[in-house]
Amino acid sequence: MAKAKTKIAYVCSECGADFTKWQGQCSECKAWNTITEFREPTSTTKSVNAAVKRNTSGGYAGPSIGVQRINQVQVENATRVSTGLSELDRVLGGGITLGSVVLISGDPGSGKTTLLTKVAEVMSQNMNTLYVTAEESLSQWAKRGLERLKLNFNEANFMLSDTDSIEDIVDQCIENNIKFLIADSIQAFESNAVDGSAGGVTQVKTCAKILNRLCKQHGITLILVGQVNKNSQMAGPQTLKHIIDTAIHIEVNDASVRILRADKNRFGDTEQVGIFQMTEFGMRSVDNPSRLFLSGSEEHFEGSAITVIKDGARNLLIEIQALATEVEGEKSIRNCIGVSYSRLSLITAVLKKHGGIPTYYDINISLVGGLKMADSETSTDMAVTAALLSSINSRPLPENAVFIGEVALTGELRQVPQIVPRVREALSHGKEQIFIPEVAYHKSMQQFVKGNQTIHPLKNIKALIEALN
């Protein structure tokens, strides 16, 4: 028998990206001196195929059926089922697709296991479900699910396992006719087919391939849990994302808010965003996420303005708070939480140049709810400007007012993408005065106006200052 060849690659220990040659800096995560040589044997005896007892001619998606003409291919419609969590269903594209492989990642404590424990309960009502917890004991897992989360599993269909052997998982799935599998986590599993310790590049790739082939062959729906590195990026080899069908990441914005985003979805789009709130009874879908990003105070404060942002396919009302105080030191201070520092600098310069408003203050800007806007986000400019003017003048803004638009260096107010849906969202929440750029105004907006609601088109920064006075 010929000696197995060895494939040489260069892998970043931080993010798992692989390269054909060594380089000082990883081009994916920008870390220095983290790329090391990696030798991956292509074993002839301990193969991935043997682990699932399959024909060696198959690929990731199962046994190959050879070449077919397009009119001979049998097209099967994807069947979706609800996970019991409306926000997770939204991100998945309307529910989880049976037979698919989903990867969920997130920082420690983000709620991955809590979320999937609820999913396991729901799935156990209708199909044989196996939860493999390689990082916790069965007692710890059961205590969370039964005592803290108070879930009601179908005992006839639900099974738990604490094995870290991928071959054992394959055997357990086949023996028990499992149709829904949750594996927590991929970095904790090992395969006898290859050398290396759990979490290593070879083990992660091999275990993922084995589970993927198992699921495609036996019609099993799989959710994999993945760990992240210090930059909150998916740890392990990047080829892992090529194997799975859907990749979802859980973002932690503050102590209780969790945001789900999909950066890959073969069965839906990646524009949908799911919002959850972590409670003592687990992750709860937020039907009206805008309320999380508004202060909720009945008192009307100065320095507070509301805008509408577009996050994925959703329009969210958020509150921006500004505090402008006299400079106490030799130099003014600018603190930004959730808002781009460069956008704040631009706005203060425009206010001074084109609005005649002195801005030599210590300025603090914050978003309610812990959201963070990208540096390229400009739709919050008018709200930041209005909040600053309110704080500088010590006068609250008009009640139930919303500000949507970009501030240009010339002092003009410019339109932002998808402004009609944003205006509609603001009006649907009962906001009565909507301030937008004049160039963005469209007659179609009036069909959403009811009662005392009014849309105010403004040309430039001076018009905004006059409207607020």
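Which strands form a hairpin with 2 residues between them, and which residue in the turn has a positive phi? The legends below, which describe a predicted model, begin with that hairpin.

**Figure 1. The hairpin of strands S15 and S16 in the predicted model.** S15 and S16 form the hairpin, and 2 residues lie between them. Gly312 sits in the turn, where its phi is positive at about 70°. The two strands run antiparallel and are joined by 8 bridges. Within this pairing, Ala305 stands opposite Ile320 of S16. Strand S16 is mostly covered, since 9 of its 12 residues count as buried.

**Figure 2. The four-stranded open sheet that contains the hairpin strands.** The sheet has 4 strands in the order S15-S16-S18-S17, and its pairing is mixed. Strand S15 (304–311) and strand S17 (334–337) stand at the edges; each has a single partner strand, so one side of each lacks a neighbour in the sheet. On average, and with direction ignored, neighbouring strands of this sheet are turned by 20° against each other. Strand S16 (residues 314–325) is joined to strand S18 (residues 362–367) by 6 bridges, and these two strands run antiparallel. Asp362 in S18 is the bridge partner of Thr325. Helix H8 (residues 341–354) packs on the sheet, where it touches S17 and S18. The direction of H8 makes about 130° with that of S17.

**Figure 3. The surroundings of Asn315 in strand S16.** Asn315 belongs to strand S16. Is this residue buried or exposed? Asn315 has a relative accessible area of 14% and is therefore buried, the limit being under 20%. When neighbours within four places in sequence are left aside, the residues in contact with Asn315 are Ser290, Val308, Ile309, Lys310, Pro421, Arg422 and Glu425.

**Figure 4. The largest nonpolar core and the contacts of Phe403.** In soluble globular proteins, nonpolar side chains tend to be buried together. The largest nonpolar core here has 46 residues, of which Ile275, Ile365, Leu388 and Phe403 touch the most other members. Helix H9 (residues 381–393) gives the most to this core, with 8 residues. Phe403 has contacts beyond its neighbours within four places in sequence, and these include Ala305, Ile306, Thr307 and Val308. Also among the contacts of Phe403 are Ser379, Met382, Ala383, Ala386 and Leu397. Phe435, Leu464 and Leu468 are in contact with Phe403 as well. A second, separate core holds 30 residues, including Leu85, Trp141, Leu149 and Phe276.

**Figure 5. The salt bridge between helices H8 and H9.** Asp381 and Arg343 form a salt bridge in which the closest N and O atoms are 2.3 Å apart. The pair links distant parts of the chain, with Asp381 in helix H9 and Arg343 in helix H8, 38 residues apart. Both Asp381 and Arg343 are buried.

**Figure 6. The salt bridge between Asp263 and Lys241.** The side chains of Asp263 and Lys241 meet at 3.1 Å, N to O. This pair also links distant parts of the chain: Asp263 lies in strand S12 (residues 257–265) and Lys241 in helix H7 (residues 240–243), 22 residues apart. How exposed are the two partners? Asp263 counts as partly exposed at 48% relative accessibility. Lys241 is likewise partly exposed, with a relative accessible area of 25%.

**Figure 7. The salt bridge of Glu136 and Arg144, and a salt-bridge network.** The side chains of Glu136 and Arg144 meet in a salt bridge with an N to O distance of 2.6 Å. Arg144 has a relative accessible area of 15% and is therefore buried, as this value is under 20%. Elsewhere, Glu87, Arg90 and Arg314 are linked in a network of salt bridges. The structure holds 12 salt bridges.

**Figure 8. The setting of these views in the whole protein.** The protein has 11 helices and 23 strands. Of its 469 residues, 51% are buried. Among contacts with a separation of 6 or more, 67% are between residues 24 or more positions apart. The accessible surface comes to about 22600 Å², and 47% of this surface belongs to carbon and sulfur atoms.

Key
Residues numbered from 1 in each chain as written. Predicted model: local features only at pLDDT ≥ 70, side-chain atom pairs only at ≥ 80, totals over all residues. Heavy atoms only, no water. Pairing = 2+ DSSP bridges. Axes fitted to C-alpha atoms, helices over the stretch in contact; angles between N-to-C directions. Contact = heavy atoms within 4.5 Å. Core = buried A, V, L, I, M, F, W, Y, C linked by side-chain atoms within 4.5 Å. Buried < 20%, exposed > 50% of the residue type's maximum accessible area, 1.4 Å probe, protein only. Salt bridge = Lys/Arg side-chain N within 4 Å of Asp/Glu carboxyl O. Areas by Shrake-Rupley, 256 points an atom, 1.4 Å probe, with all protein chains shown as cover.
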